[in-house]
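Here is a short note for a colleague who is opening this entry and would like a guide to its main elements. Please keep the display at hand while reading the points.

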Amino acid sequence: GLVLDENDHVWLDGKMLVPPLTDLELRLLQVLYRRAPEIVSHEMLIQEVWADSVNVEKHNLRKLVDRLRERLEPGLVL
């Protein structure tokens, strides 16, 4: 399973994820982890992940989600 500990370390099946996630990947995971099992809109994710940015498009979010999936599910073919 997936665990995000109090120090923002990501654990997969009891092993710490190495190398660690990028800042954006971690922020995305924190939002999704905190709100699970709730469905979070694209707009909410963009607002939470890129809080200090103005013009972030949905394709940026999709790319970030794809990168996070690759890190968390390395055998997954998208």
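The points below go from the sheet to the helix that packs on it, and then to the nonpolar core of this predicted model.

1. The sheet is open and is formed by three strands in the order β1-β2-β3, with antiparallel pairing. Because β1 (2-4) and β3 (15-16) stand at the edges and each has a single partner strand, one side of each is left without a neighbour in the sheet.

2. Between strand β2 (residues 10-12) and β3, which run antiparallel, there are two bridges. In this part of the sheet, L12 stands opposite K15 of β3.

3. Helix α1 (residues 23-35) packs on the sheet, where it touches β1 and β2, and its direction makes about 105 degrees with that of β1. The helix α1 has 13 residues and reaches 18 Å from its first C-alpha to its last, which is close to the 18 Å expected at 1.5 Å a residue.

4. Which residues of α1 are buried? They are E25, L26, L28, L29 and V31. These buried residues of α1 pack against β1 and β2, and also against α2 (42-49) and α3 (58-72).

5. The largest nonpolar core has 17 residues, of which V10, L21 and L28 touch the most other members. To this core α1, α2 and α3 each supply at least two residues. As general background, nonpolar side chains tend to be buried together in soluble globular proteins.

6. For L28, if neighbours within four places in sequence are left aside, the residues in contact are L45, V49, L61, L64, V65 and L68.

Technical notes: Residues numbered from 1 in each chain as written. Predicted model: local features only at pLDDT ≥ 70, side-chain atom pairs only at ≥ 80, totals over all residues. Heavy atoms only, no water. Pairing = 2+ DSSP bridges. Helix = DSSP H or I, 4+ residues; strand = E, 2+ residues; numbered from the N terminus. Contact = heavy atoms within 4.5 Å. Axes fitted to C-alpha atoms, helices over the stretch in contact; angles between N-to-C directions. Expected span 1.5 Å × (residues − 1). Buried < 20%, exposed > 50% of the residue type's maximum accessible area, 1.4 Å probe, protein only. Core = buried A, V, L, I, M, F, W, Y, C linked by side-chain atoms within 4.5 Å.
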